[in-house]
Amino acid sequence: MRGRLAEYVRSFRLPFVPWLWKAHLYAIAGLALFIPMQIYLGNIRIPPLINGMAWQPKAKAQSTAPVNSEGQPFFSDGVTQRRPVPGTIPREYSVYPYQVAVYGVDEARNLAGQNLFNPLSPTIENLRMGERVFDTYCQPCHGYKGLADGSAVGPGRLAAPNSLHSDIARGYKDGHIFHIVTVGQNKMPSYAWPLNALQRWAAVHHVRVLQRAVNPLPGDLPGTSALSTQAGTTESLSIAPVPEEGTSEP
Ligand code: HEC
């Protein structure tokens, strides 16, 4: 049996039939075009042996496109991410309570002045932070000493603000200054976008430092009153007074 089969295979010669050869050639050529085209059109699916990454169901962030290979969306509403719960806010973001849009300009400012208090104690670190913030973000308009002579103000540049040493500015409550820095005031823009709340409170401290350097409270300067001998009164705020313009500086 085995011998005859082997004999047949050995002696087999494919008869040369011209039209049969041509038909085979055309069939092979046709399949060589047809199969890749069907793969391309998605009618033939290649098992994910080679290209598993491309075939896995996946969601493109914030897209609404169909995502898996069956063309089904990730979630039934077609959105690939869940929507945040109403009222969601970003981390480290706090809603400022005294919005001008809610209370109006004057009422918002008054409420802030009455209800907001500086959460930072005037330690040397916090005062240094305030100085850094002020010298970076406020100095261009208000000047290093609050004299409204910043590097960005002048003819053809920004309009100068008022001096921070006016009686009005010195009379502002801390919360009022925080409010101005947070929501802005007239030509002064809000600084809530680059500065978080603590940095803004630190800047408020530095405004106070500048103001008390020019108009010290009793006890701020050593030897000016009996208060100066008490611990803590001069230590945290010991800075030299700003000289009157043109008096001591060349
Ligand atoms: C782009 C310039 C500019 C910058 C920067 C700026 N301010 Fe002002 N600021 C002004 C102007 C202008 C006014 C006056 C607004 C008005 O007319 O009511 C003002 C007003 C103020 C007032 C009220 C003064 C008053 O007499 O009513 C305070 C306090 C103040 N700024 C603090 C700051 C602090 C703190 C910063 C830094 C975080 C800062 N400003 C950054 C321009 C600026």
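The shell around the ligand in this predicted model is made up of 19 nonpolar residues, five polar ones and one charged residue. Twenty-five is a good number to keep in mind when looking at this site, for there are 25 residues around the ligand, and those that come nearest are Cys-138, Cys-141, Pro-161, Asn-186 and Met-188. Several helices take part in building these surroundings: α6 (124-142), α7 (167-171), α8 (174-183) and α9 (197-214) each give the shell at least two residues. Among the contributors, α6 provides the largest share, with six residues.

It helps to step back and view the whole protein. Its secondary structure consists of nine helices and zero strands, so that the pattern read along the sequence is simply α-α-α-α-α-α-α-α-α. Of the 250 residues in the protein, 15% count as buried. Among the contacts with a separation of 6 or more, 49% join residues that lie 24 or more positions apart.

Two of the helices that line the ligand, α8 and α9, also meet one another. A pair of packed helices is described by the angle between the two axes and by the distance between them. For α8 and α9, the axes come within 9 Å and cross at roughly 125 degrees. An angle of this kind falls outside the ranges for roughly parallel, roughly perpendicular and roughly antiparallel pairs, and the two helices α8 and α9 are therefore oblique to each other. Their crossing is right-handed. On the α8 side, the meeting residues are Asp-174, Ile-177, Phe-178, Val-181 and Thr-182, while α9 brings Arg-200, Trp-201, Ala-203, Val-204 and Val-207. By class, the residues of this contact divide into seven nonpolar, one polar and two charged.

A closer look at a single residue rounds off the picture. Ala-169 has its place in helix α7, one of the helices that supply at least two residues of the shell around the ligand. Ala-169 has 19 C-beta neighbours inside 10 Å, and because a buried residue needs 20 or more, Ala-169 counts as partly exposed. Leaving aside residues up to four places away in sequence, Ala-169 touches Asn-162 and Leu-164. Arg-208 is 39 residues from Ala-169 in sequence, and the C-alpha atoms of these two residues are 9.8 Å apart in space.

How values were computed: Residues numbered from 1 in each chain as written. Predicted model: local features only at pLDDT ≥ 70, side-chain atom pairs only at ≥ 80, totals over all residues. Near = placed C-beta within 6 Å. Helix = DSSP H or I, 4+ residues; strand = E, 2+ residues; numbered from the N terminus. Nonpolar A, V, L, I, M, F, W, Y, C, P; charged D, E, K, R; others polar. Buried ≥ 20, exposed ≤ 12 C-beta atoms within 10 Å, placed from the backbone. Contact = placed C-beta atoms within 7 Å. Axes fitted to C-alpha atoms, helices over the stretch in contact; angles between N-to-C directions. Parallel < 35°, antiparallel > 145°, perpendicular 65-115°, else oblique. Left-handed = near helix turned anticlockwise from the far one by under 90°.
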